[in-house]
Amino acid sequence: MINLAAIVLMLLGLYALLTTKHIIKMVVGLNVFEVGLNLFVITIGFNKDGIAPILTGSNSIKDFVDPLPQAIVLTAIVIGFGITAVALMVARKIHEQYGTYDINEIGGK
Amino acid sequence: MNLLSILAVLIVGGLAAYLLSKANKLLGAITTILTTVLSFVMLFGIKDQIGSTETFLYFNFQLTEIGWYFAFVLSLTYGMSAFYNVCYKDKFMYPNSYAMLYILSLGGSLGLFFAKDFITFFVFWELVVWTSAFIIPLGKSRRASFIYYVVSSIGSMATLFAIMWIYKLTGTMMIKEALMSVDLNFWPSVILFMTFILSGLTKIGIFPFHVWLPLAHGSAPHTFSPILSGGLVKLGAYVAYLSVAVFPSYEIFGEGWMYRGIPLPIYFLMVLGAISIIIGTVMAIKQDDAKKLLAFSSVANGGYILIGILMMDEITFAGGLLHLFAHAVASATAFLTITAVAYRTGTTKISELGGMIHRMPITYTVYLISIISMAGIPPMAGFVSKWLILQGLASKGLIIIAFAAFFGSIGSFMYVFRPLAAVFLGQLAPKHENLKEAPIMMLIPMILMTIITLTVGVVPKLVLNFIVDVQAEAGIKVVSMTGGALDVFNGYLDATRVFVIFGFGFLIALVLFLLMPKTRSVSLMDTYTSAEFIYTPELLHYAHDFYAPFERLYKNHPSTLKLYERASLKLKEIGLFVDYAFMNQRPATSIMWILIIVTIVTIGGAF
Amino acid sequence: MKYSVILIALPLLLAFLSMFIKKGKENLLYLGMLINVMLLFVLEQGTYLIGGFERPFGITLVIDQYSYIAVLLVNLLFFFSIISNYKQIGKHSTVLLTLLAGVNGLVMTGDLFNLFVFLEITTISAYILTTSNKNYVGTFNYIIVSAVGSSLYLLGVIMLYAGYGTLDFRTMTEAISESNMSVMLPMLFIFAGLSVEAKLLPFNGWVKGVFSKANGLVGTMLASIIATAMLFVMGRMLNVLITDSLIMDLALTIGIITLVLGELSAYNSKSIKDVLLYSSIGQSGLVTILMISGLIFPAIIVIINNGIAKLIMFTIADEATKEKDDFKGFFSNHQLMGIAFTVASFSLIGLPLFMGFYAKLNSLIGLFEMNLLLPALLLLVTIVEGAYLIRLNIKLWYLGEEGTATTEIEKASQKPSLSMIVATLVLAASLIAVGLMPEVLGDSITDKSLLNEKQIEYMTDLKGGM
Amino acid sequence: MKKVLALLLLATLAFMTITLVVDNNLLPDFGETKVENSVSDTYIKQNAMGENQDIKFGETKNLEIGSANAITGIVAGYRSFDTLGEVTVLFISALGVSLMIGTTDSWMKRSQSGFILRVGSKAILPILMIVGVYIITHGHLSPGGGFQGGAMIASAMLLLSLSDHEFMPKIKAFKMLEGLSGTIYILIGLVGMILMGHFLQNIDQTGTIGELFSAGLIPVVYLFIGLKVGSELTGIISDFMKKEANI
C-alpha cells in the first residue's frame, strides 16, 4: 500500500508545481515529488519477511531484502539535494534581480 | 573536347572569376565573357557526340539532342549578356561573387541539361536556384529574392518527391529507364506527373507560380534580368519536356478522359498555360516600370512555350521549341536595351523617360526589332514560332487555348508599344539633353542579337534543323520542310518570300517618309494653356499612365501575391501560437503538458 | 579499449584538480579537451567492464558502431566549440570539464541507472553554464522542468527493474523481448523523461528562456554538444528499448508535431538565436521520426549535420549580434564567417553538395518504404526551413533598405578571433567534403556507395551490441 | 479555476497509474519481491566472479567485495561508477552555488545567537562529530557510510556557525579538501585500472567479512567520500550565508 501512497505523494508534489506562484514553493514542490519518487523506489525492493541487508553475527544472507533499490535511492537523494541547492541559489538571484518571488510579476518584466 | 570539358570550363571559370575580380573588377568581368562565349562555341564542337556518357564522382552525364538544344539557347543568352558586366562592374556590392555566381548558374543549367540520372539533375538544379537567389538581392529588393527562393523551392521539393517516388517504384535513378518503366494506375500516376512537372511550372512562371517573376526580374541587377527572363525561365521548359516526352504521359493517361485527343492532366496544364498568357498580357499592359513590363511578357510567352511542348505533335511542338529560342533572344535583347537606357539615365520608369531616339538611335532600332519579334510580327523569328503554335492549336480544334493564344498576340502589340512610344519616341526631357549612345561593349551584343533574330526569322530552317533532331529523338512525327517552306495542314509558310514582300513594303514607306514635308517639333515642356501655368508638366506628358482607360477596366483585379502573403501570415500565426502556448517561462506550463500527455497515454493504455 | 573510461575519468580528475589552482583554470580545460581528442585516434569498438564485473552485474561502457560515431562527434564538437568561443569561458572552465565527462558518459554508458546519473551531471553543468547569460528565470524554469523529466526517467527505470531484475541495457532488452509483460507505463515515463532534455515539443518549455540570450559558448554547448548526445541516447532508446506499440505511435506523433511546429515557429521568429533554437527543436523532431521508423543510418547523418551546422551558426550569430541587435549586412565586412554560415545553413536545409543533402536523400529512401505521407511532410517542412534560412542569410549578407541597391560597405566594427574563423571554416569544409564524397565519413558508416543500395541495415549488431 | 483543472488532471492521472501499477503483470505486488530473480541476488552472495561460497559472519575470507553491509557493497563496490558520478553532481552544485554568489566576503548580519544555543551547541558538538566519523569509518559494517557521515559533519559545522558568527568566515580550506578527496577517489580508480586491470576495481585481499579492516578499498573510498561530502555541504551552507556582492 505504501507504493500507492508514494505515487499519491508524487502527484501532490506535481500539484504544488502546477498551481503555486511562489518560486520557493515550487522548489519545495519539486522536493516533495522527489521524496515521493524515492519512497516508491524503496517499496520496489521491500519484502514482507525480509530483513535489512546487513550481515551480523545473528542473521544470514538468505532472507535479505533487495539492496539495489536502496543503493539507487542513496544516489537519487544526493542528486535531489544538488538540484535543490542550485535551484534555491537561482531563486535568490531572481529575487535580487526582480525583487519578488511571484512568478507572474517576474514573467511580466 | 567532350561534355565534362565544358562543365569544367564553367566551374573552374567561375572560381577563377571570383579570385581575378578580387584583384581587379575589369578582369573578373572579362573572364565572365570569355567563359560564357567559350562554352557557347564548345557546344558546337560536341554536336556530333550525341549519346556519349561521362561520369565524375557520383554524377553521370549524357549528351542528348534536347539537352544540346537547351544548352545552345542558354549559353547564347548568357554569352551575349556577359558583355554588359564590363560596364556594370563597379555598380555592385560584391562584384567578385557576382562574377562567380553568374558563371556558376550557367554551369548549373548546362549540367542540368546533360544530367543522365536524377541526382545529378537535382544537384545542378539546386545549384542554379541558390546561385540566382544570391544574385537577385544585389539589385533593388531583398524580398524579391526571398519570394523567388520560396516559390522555386516549392517546385524543386515537389520534383524531389516525385524523383524519390520513382526511385522507390523502379529502383533506378537513370532518367530514361526510370521514367519509362513507371507502372502505376491512373490517379497515382497523375499525382506523380503533377509533382514532377511542378518545378517546371514554377520556373516558367505558370499561373499560380508566376508571382516571383515580376518581383525578381523587376528588381534584379540590370545585367542579370536578361538572363533571368531569357535563360533561367527556360529550365522549366526542359522539365516540362522530360515529364511529357520521356515520361510516357500520352500512353499512361491515354485511357482516361480525353478532350480532342489530349488527355485530362495535360489539358489541365494547357489551360493553366492559357491563363498565364492572359494574366501576363493583361498585367504587362498596366506596368509603369519597363523591366516589370518585360517580366510579365515573359510570363505570357512562358505560357506559349508550355502549350507548345505539351502538345507533342509535329507542328505545335516545333513551334513551342522555336518560340523558346525566339523569345529567349527577343526578351534578352529587350532587357539589354532597357539596361542600356538605365545605364545612361539611371532609371527604368517609363513615365520618367522620353525621346531616347534622339540620343540613342541604335538602341532604339534594336529595341524595335526585338519587340517586333516578341509580338510575333512577320519578318522576325517570333512570328514563325507563334504562327506554328496557332496553326497546331487550330488544327487540333482546341478553341479555348487558341482564343487565349490569339488574345496574347494582340495584347502583346499593346504592351510592347508602351515602352517604345513612352521611352524612345516623344520629346527628350531637358535633363537627358547631353545623353550619349550606349557604350561600345553594350552595342556589340545588341546588334548581334538583332542579326540572329532577323536571320532566323528569314531562314527558320537554321534552328528548325536542331528541332527536327529533337523531334526524331522524342519519337514524334518530324515537321516536314520542302525547300525552306514549312508545310502546315492547310498550306505552307515560306518565310523568305514573306520577308521579301515586307522588305519591298518597307522601302515604299521609307520613300514616302523622306518626300513628305517635315513636321515642326515643339518642345513638350513649354506647354501653355489659357494663362494657367503648369507646375508639373510631366503629368501631361503622354507617357504618363499610357493606357489609363484600358487599365480602368480591371482596376481592382485579384493578385496572387496577396494569396501567398496571406498563407505566410497563417503560418506565422501558428508559430506565434507555439511561442505563446509552450514557451512562456513558467515551469507550470511545461509540466502541465507533460502530465496531459502522460494521462492521455495511460488512459489509452488502460483500454 | 581501456581508453574508453579515460575519456570520462580524465576530465573529472582535471575538474577536481582545478580547485587547487586559482588562475589559469582554462589550461586544465584545454589539456583535458586535447587529450580526449587524441584518445579518439586510439578508440576501438568493444565493451569495457567497470570494476571488472561481468555484464549484468557491473556497469559497462559499450562502444559499438553506433556509439563509436557518437563519441567521435561529441568530443570533436566540444573541441571546436571551445576553440571558437574561448573568450567567453570566464569562470566556467571546471563546469565545462564536468560537462565533457557527463556528455561522454551519456553516450557510452550501457547501464540504465548510470545513464540517469550522467544525465544529471550534464544537465546540472548546463544549468550553471546558462546562469552566465543572467536570465535567471529561464535557468530556473530549465532546472525545474528537467529535474521533473529526469525523475520521471528514474521512475520508468525502477519499474523496469522491478519487473526484470536487471539494470543493464542489453540484458533488459533481451528480457523484454522474451517476456510478454505489459511494459507500456515504464516506457512512457522513460520516453517522457528523455524527451524533456531532447527538446521534443510539449516538453521543451525551457528552451526559449535558455537560448534566446545565450552567448556563443553556452549556445553551442547546449544546441550542438548536449543536443547531439541526447539525440544519440534518444535514438538508442527509441530503437532498442521501447518496443511497446502505443509508445512508438506516441513518439511518432510527437516527432511529427515537433518537426512541423518547430519549423513554423522558426519561420515566425525574427532574431537569429530564436530561429536557431526553433530549428534545433525541429531537427530533434526529425531525428525522432527517423529513429522510430527504424532509419538509424539517415538519423545519424542528420544528427552529425545538425551538430556541426548549429555549432557554426551559434558562434557566428553571437558574434553578429554582439553590439547592435540589427545584424543587417554583418557579413559584408566578415566575408569568411559569412561563407561558413551560409554553408552551414545550406547543409541544414539539405541543398545538394552538402552533408544535409546526403542525409535527406537517405531519409527519403527510407521513409518512402513506409508510406507516401511522411516524405511529403518532410519535404513541405524543408520548404519552410529553406524559406527562413535563406531570409536570414540574405539579411546577413546584404545591406540596404528595400528599394535601393547599395554599393558601399560600412567599416567593420569588431574583429572576431582568428581561431573562430579557422574553426568555423574547417567545419564548413567538412560539411562540403561529406556532401561531395560521402565515403569520407569513414567506411564504418557508409560501406555502401551513395545511392545504389537501399539504406544499409547495419544496426543489426546494435540489437545485440548494447 | 486553474486549481480545479490541475486537481482534476492529477486525479485522473492518479487513478490511471494506480490501476496500471496494481493490476499489471510487470510489477510484483507490494511486499512479494523475490530477490532470487534479480541481479541483487549475486550482489548479496557476492559471486559475480563465479565462485559461490556461503558467507558466515567473521569466518569467510577474501570475498569479491567482502563488505558486511550489502548496500555499501553495491554503492562503493559493484556500482562505484555511479557513486563517482554522484560525487561529481554534488561537486558541480557546490561549485555552481559558489560561482553564482561571486567572490564576496560580506556576510549577512545576524542577531546575536541565544544563550541556550551557544552553551547547548558546545555540549552536542563533540557527540555529533564522533558519531559522524564513526558512521563514515563503519560504512561497510553498519548502516550508513560516506554520504550519511558527511552530512552529519556538515550539520555539526552548521550548528557551530549558528552559535558564533565568526566561525564560518574563518574556514578557507574546504575548497581544497573537496578537490583533494575527489582527486584521490579517481586516483584509486586509476590505480585499480593499472593494477587490477579494470577502472575502480577492488583489491583481492578483502580480509574477513565483519572486521574493521575488511572489504579492501571500500572503507578508504568511503572515508574520502565522507570528507568530500562534509566539506561540500559546509561550503554550500557558507555560500548561502554570504550577502550578494552587488555587482
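User: What percentage of the 607 residues in chain B do buried residues make up?

Analyst: This is a predicted model, in which local features need pLDDT of at least 70, side-chain atom pairs count only at pLDDT 80 or more, and totals for chains, interfaces and linings use all residues. Residues are numbered from 1 along each chain as its sequence is written, with chains lettered from A and ligands numbered from 1 in the order in which they are written. A residue is buried if 20 or more other C-beta atoms, placed from the backbone, lie within 10 Å of its own. Of the 607 residues in chain B, the buried share is 57%.

User: Which strands are the edge strands of the open sheet in chain B?

Analyst: Strands are DSSP runs of E of at least two residues, numbered from the N terminus, and two of them pair if DSSP finds at least two bridges between them. The open sheet has three strands in the order β5-β6-β7 (chain B), with antiparallel pairing. Those pairing on one side only are β5 (481-482) and β7 (491-494) of chain B.

User: Are α1(C) and α7(D) roughly parallel or roughly antiparallel to each other?

Analyst: Helices here are DSSP runs of H or I, at least four residues long. Helix α1 (residues 3-17) of chain C packs against helix α7 (residues 174-196) of chain D with axes 8 Å apart and an angle of about 155°, where axes are lines fitted to C-alpha atoms over the stretch in contact and angles run from 0 to 180 degrees between N-to-C directions. Because angles over 145 degrees count as roughly antiparallel, α1(C) and α7(D) are roughly antiparallel.

Notes:
Buried ≥ 20, exposed ≤ 12 C-beta atoms within 10 Å, placed from the backbone. Parallel < 35°, antiparallel > 145°, perpendicular 65-115°, else oblique.
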